[in-house]
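Grab a pencil and work through these short exercises. Try each task yourself before you read its solution.

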Amino acid sequence: MENVLEPLRAAIRLLFEITAYPVLAYFIVINSFLLLLIIFASVNFTAHLRRQSFAGARVTAASPLSPGISVLMPAYNEGAVIATSVRSVLDLRYPDHEVVVVNDGSSDETLQTLIDVYDLVEDRREVSVKVPVRGTIRAIYRARDTALPIVVVDKENSGRSDSLNMGLNVASKDLVVMVDADSLLDPDSLLVVSKPFTDDPERVIATGGVVRVANGCEVVAGRVVSVNMPKNYFARIQIVEYLRSFLLGRAGWSQLNSLILISGAFGMFRRDLVTQAGGLDPDCIGEDFELVMRLHRMMRRSKRKYRVIFIAEPVCWTEVPSTAAVLARQRRRWHRGLWEVLIKYCGMTFNPRYGTVGMIALPYYWIFELIAPAIELFGLVIVPLGLLLGVVNVPYALAFIAVAYLYAIFVSLMALLVEEASFHRYNRWGDLWVALLVSVQENIGYRQLTAIWRIQGWWAALRGKKQVWGTMTRTGFENASP
């Protein structure tokens with residue numbers, strides 16, 4: 001037996017000698033950079049909250065000079081939530097906005113629900129094709145009450161990106177907001193997210209808003225009226241993830257003028273520039289990421305001054321996966337999309353022509369987002385195996401746990417502290433204690449599972465395997481009524 005183990009022990013010892021300190025350094029750097037982003041985010045939040053009392057939201061809400069906004073909402077089998085989501089957008093405080101719902105060949109009651117709830121009638125309008133689309137329009141509907149600004153396009157199934165491109169062709173306003181059909185917007189969402197365009201109309205080309213978890217929250221008439229911690233294990237952990245990555249991470253990147261990803265669940269863009277860029281890429285899994293990267297490249301190459309901004313408030317609420325199977329599909333798809341976009345724009349990486357986007361943001365996404373799950377799983381295998389074979393010493397194993405997991409827990413706790421001090425969304429002490437507990441639980445089992453799923457997505461992309469989106473089962477919002 002010893003003769004069999006000795007070659008393995010020698011191989012592990014050599015591998016350990018080569019990788020031990022680089023792996024430790026990797027986890028120190030990635031967690032330290034996340035902590036730095038949180039610090040930048042806190043600066044961003046402080047400035048944002050200080051400006052709130054002078055923002056002039058009431059003036060904007062009543063001004064006929066505010067830029068018009070088209071809210072584009074692709075929908076595929078969203079019958080459980082579509083009426084509530086559309087109502088939340090129609091009721092937003094904004095002087096000039098329309099809702100363009102694109103029914104992407106749904107096989108459920110999505111279209112009929114919209115027709116019944118909003119009393120839709122067929123519209124014979126001609127659609128000007130500014131952005132190429134693949135899906136054929138079957139019918140266009142509008143509300144019988146012409147004061148209700150809703151347009152519903154029923155078309156053949158051709159995917160989310162192509163549906164958004166169809167929405168771009170139908171939209172009539174200067175700004176477009178892309179939201180998912182399973183999303184709910186806070187009442188002042190459009191007022192706040194559009195304000196940078198009003199303040200700096202020449203330079204601001206895109207803004208991104210906060211995305212939070214709606215699971216467990218109480219929804220009435222399309223509004224989140226009570227923010228509660230969900231009972232589902234997976235949904236709870238995603239709350240901490242969304243706070244750290246979608247809120248604090250992107251606020252930090254925005255402060256560094258290096259925001260390269262705006263969530264497809266809630267982003268606002270200048271319609272003329274998105275149209276000029278060719279709309280969304282229907283062949284790319286990470287279409288929201290790819291669009292922002294294309295806009296960065298287009299603006300840099302034309303040497304035009306521009307800004308892409310993240311707004312810390314208000315909020316878009318979305319239903320997140322509550323089962324392991326659906327969550328696994330989502331994470332595989334996200335990581336595959338990350339790989340595809342990074343490869344497509346690899347020429348911008350470490351290229352000073354693209355400023356902080358090329359010199360800081362893209363290298364970070366290559367080293368600490370794309371490769372992170374591989375390093376994580378490598379450490380999880382090599383350290384326990386090395387301990388078992390007597391190759392890895394106990395002090396190193398403890399140091400690995402400290403920098404890879406205890407430091408990560410500390411970063412998550414800091415993220416919760418900054419978020420709670422800034423916005424105080426959870427009013428019950430019980431919910432806060434659950435959030436603190438989840439920050440620890442995330443690192444035991446869940447983090448390793450997501451690393452495996454992300455590697456699977458990457459591997460599928462490398463093999464050229466066709467991406468299948470699968471079905472996101474909707475449970476609908478708590479106590480929701482349209």
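**Exercise 1.** Is Ile-401 buried, partly exposed or exposed?

*Solution.* Keep in mind that you're looking at a predicted model.
- Step 1: look up the relative accessible area of Ile-401, which is 43%.
- Step 2: hold that value against the cut-offs, where buried means under 20% and exposed means over 50%.
- Step 3: Ile-401 falls in between, so it counts as partly exposed.

**Exercise 2.** Find out which helix gives the most residues to the nonpolar surface patch.

*Solution.*
- Step 1: list the members of the patch, namely Leu-387, Val-394, Leu-398, Ile-401 and Leu-406. Together they offer about 460 Å² of accessible area.
- Step 2: place one of them, Ile-401, and you land in helix H13.
- Step 3: H13 covers residues 394-422 and supplies four residues, the most to this patch.

**Exercise 3.** Compare the UniProt annotation with the model: how much helix is there in residues 364-390 and in residues 396-418?

*Solution.*
- Step 1: check the record. An unreviewed UniProt entry lists residues 20-43, 364-390 and 396-418 under "transmembrane region".
- Step 2: take residues 364-390. This stretch is 93% helix and 0% strand, with 35 Å between its end C-alpha atoms.
- Step 3: now residues 396-418. Here you get 100% helix and 0% strand, and the end C-alpha atoms are 32 Å apart.

**Exercise 4.** How many disulfides does the structure hold?

*Solution.*
- Step 1: recall that a disulfide is a covalent bond between the sulfur atoms of two cysteines.
- Step 2: the count for this structure is zero.
- Step 3: try Cys-316. Its nearest cysteine sulfur belongs to Cys-217 and sits 12 Å away, while a disulfide needs the two sulfurs within 2.5 Å, so Cys-316 is in no disulfide.
- Step 4: try Cys-346. The nearest cysteine sulfur is that of Cys-284, 14 Å away, and Cys-346 is in no disulfide either.
- Step 5: add the surroundings. Cys-316 is buried at 0% relative accessibility, whereas Cys-346 is partly exposed at 43%.

**Exercise 5.** Describe how strands E9 and E10 are put together.

*Solution.*
- Step 1: locate the strands, with E9 at residues 218-220 and E10 at residues 223-226.
- Step 2: check the pairing. They run antiparallel and are joined by three bridges, and Val-220 faces Arg-223 in E10.
- Step 3: look at the link. Two residues separate the strands of this hairpin, and Ala-221 in the turn has a positive phi of about 50°.

How values were computed. Residues numbered from 1 in each chain as written. Predicted model: local features only at pLDDT ≥ 70, side-chain atom pairs only at ≥ 80, totals over all residues. Heavy atoms only, no water. Patch = residues over 30% accessible without salt bridge, like charges linked within 9 Å, V, L, I, M, F, W, Y side chains within 5 Å. Areas by Shrake-Rupley, 256 points an atom, 1.4 Å probe, with all protein chains shown as cover. Salt bridge = Lys/Arg side-chain N within 4 Å of Asp/Glu carboxyl O. Buried < 20%, exposed > 50% of the residue type's maximum accessible area, 1.4 Å probe, protein only. UniProt positions renumbered as here; feature names shortened; annotations may be inferred. Pairing = 2+ DSSP bridges.
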